[in-house]
Amino acid sequence: MPQRHSKNNNDLAYFTYDEKKKLGYGTQRERLGKDSIKPFDACSLCLKPFIDPMCCHKGHVFCRECILECFLAQKKDIQRRLAAHASQKNQDKDEEEERLMLQKARELDEFDQQNHGALPRYSDKSQSQDKNGFHGANSVKTTSFEEEALRTMKAFWLPSATPGASVRVEAPETHTVCPEGKEKLKLKNLFAIRFTEDNSEEEKKTTSSSSSYDKTYICPSCKVTLTNTMSLVALSSCGHVFCKKCGEKFMPVDKVCLVCDKPCKDRNLVGLKKGGTGFAEHDDNLEAKEYKHLGSGSGLGLVRPVKT
């Protein structure tokens with residue numbers, strides 16, 4: 001059976017949707033499924049089942065080792081940027097001092113030539129040669145319009161208008177941020193969380209031959225198995241994790257944890273980020289976008305974008 005003509009290139013006077021995808025450039029979009037979304041019991045940094053989990057006040061969960069390494073890397077980067085910014089300030093100060101010294105020496109030289117020359121020399125700034133060496137076609141001196149145009153235009157063939165290669169280093173922020181939510185975060189704001197494992201006899205029989213990563217967690221109050229579809233809350237005072245229904249129903253009334261009886265308040269309830277299910281009604285962002293500059297022949301026509 002012959003192929004459809006709509007799948008063939010140059011068959012129509014306009015590009016079809018399939019032909020645009022085969023070109024391999026432009027904004028490529030891909031619908032994400034469940035396999036592309038992090039589950040609730042995975043670290044936000046290494047994307048593996050968490051070990052000794054810690055949570056921030058926005059509900060992002062990390063492994064203790066991963067978040068400590070992230071904070072250490074951020075502090076090293078801050079120190080490097082601070083050193084570069086201080087070096088740049090010292091360089092700017094030295095350049096300014098050198099410029100003032102040269103200007104003072106130039107003024108002294110002009111004063112000496114005017115007083116010891118054979119003829120009096122009157123220095124007129126309006127008739128002096130422009131420092132950029134750029135003059136108009138009909139006049140000897142540069143007009144204000146030409147000076148403004150010389151400062152703004154990108155003319156690489158003029159030495160005075162060549163853009164500088166040095167990049168200015170702005171003063172960096174001195175605080176660490178959450179790698180997931182990008183908000184200000186310190187190590188003392190993190191708290192350890194505790195999930196309740198399902199230790200029933202049925203689970204022991206089924207998971208005896210499986211790896212240590214295959215763990216099932218339950219709510220310690222209603223004994224419901226925690227999944228990606230459920231909303232979870234954690235207590236920042238003790239770290240125990242409950243389903244949102246039990247947390248909002250019993251915690252504000254009893255003012256104690258249902259597991260360890262430790263006193264807690266409403267502000268201690270922290271909502272954890274949900275895991276992905278692949279359904280549009282459950283997840284907010286399920287579309288990955290990527291812009292590709294290369295066109296057909298590059299082999300990128302069938303490469304699927306990933307979520308960043």
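## The loop between α5 and β9

Asp261 sits in the loop between α5 and β9, where helices (H or I, at least four residues) and strands (E, at least two) are DSSP runs numbered from the N terminus. This is a predicted model, so local features need pLDDT of at least 70 and side-chain atom pairs count only at pLDDT 80 or more, while totals for chains, interfaces and linings use all residues. Residues are numbered from 1 along each chain as its sequence is written, and side-chain values use heavy atoms, with hydrogens and water left out.

Back to Asp261: its phi is near 60 degrees, a positive value in a residue other than glycine. With 56% relative accessibility, Asp261 counts as exposed (buried means under 20% relative accessible area, exposed over 50%, partly exposed in between, with a 1.4 Å probe and protein chains only). Lys265 is in the loop between α5 and β9 too, and at 47% relative accessibility Lys265 is partly exposed. Measure along the sequence and Lys265 and Val253 are twelve residues apart; in space, their C-alpha atoms are 9.7 Å apart.

## A greasy spot on the surface

Leu258 is another residue of the loop between α5 (244-254) and β9 (269-271). Together with Phe250 and Val259, Leu258 makes a nonpolar surface patch of about 210 Å². As for the patch rule, members have over 30% relative accessible area and no salt bridge; like charges are joined within 9 Å, and nonpolar side chains (Val, Leu, Ile, Met, Phe, Trp, Tyr) within 5 Å. The areas themselves come from the Shrake-Rupley method with a 1.4 Å probe, and for residues only the protein chains shown count as cover. Leu258 has a relative accessible area of 32%, so Leu258 is partly exposed.

## Salt bridges

How many salt bridges does the structure hold? There are seven, each being a side-chain nitrogen of Lys or Arg within 4 Å of a carboxyl oxygen of Asp or Glu. One of them joins the side chains of Asp52 and Arg64, at 2.7 Å from N to O. Asp52 is in the loop between β1 (26-31) and β2 (53-55) and Arg64 is in helix α2 (residues 64-116), so this pair ties together parts that are twelve residues apart in sequence. Both partners are partly exposed: Asp52 has a relative accessible area of 41%, and Arg64 has 32%. Asp52 also has a backbone quirk, a positive phi of about 55 degrees although Asp52 is not a glycine.

Further along, the side chains of Asp77 and Arg80 meet in a salt bridge at 2.6 Å, N to O. Both residues lie in helix α2, three residues apart, or about one turn of the helix. Asp77 is partly exposed with a relative accessible area of 28%, whereas Arg80 is exposed with 51%. Arg81 joins in as well, since Asp77, Arg80 and Arg81 are linked in a network of salt bridges. Over in helix α5, Lys244 and Glu248 are four residues apart, so about one helical turn separates them. Their side chains meet in a salt bridge with an N to O distance of 3.9 Å, and Lys244 is partly exposed at 37% relative accessibility.

## One cavity

Rolling a probe the size of a water molecule over the atoms shows where empty space is left. Here the working rule uses a 1 Å grid over the protein atoms alone: a cavity is a set of points where a 1.4 Å probe fits but cannot get out, and lining residues have an atom within 4 Å of a point. Grid points are joined across faces, edges and corners, and a volume is the space filled by probe spheres set on the points. What does that give? The count comes to one cavity of 30 Å³ or more, and the largest cavity has a volume of about 40 Å³.

Which residues line the largest cavity? They are Lys38, Phe40, Gly59, Val61, Phe195, Leu232, Leu272 and Lys273. By class, that lining has five nonpolar, one polar and two charged residues, with Ala, Val, Leu, Ile, Met, Phe, Trp, Tyr, Cys and Pro counted as nonpolar, Asp, Glu, Lys and Arg as charged, and the others, Gly among them, as polar.

## A contact across the chain

Lys58 is in the loop between β2 and β3 (61-63) and, at 45% relative accessibility, is partly exposed. Lys58 and Cys178 are 120 residues apart along the chain, yet 9.3 Å separates their C-alpha atoms.

Key. 1 Å grid on protein atoms, 1.4 Å probe; cavity = no way out; pocket = protein on both sides within 12 Å on 5 of 7 lines; lining within 4 Å.
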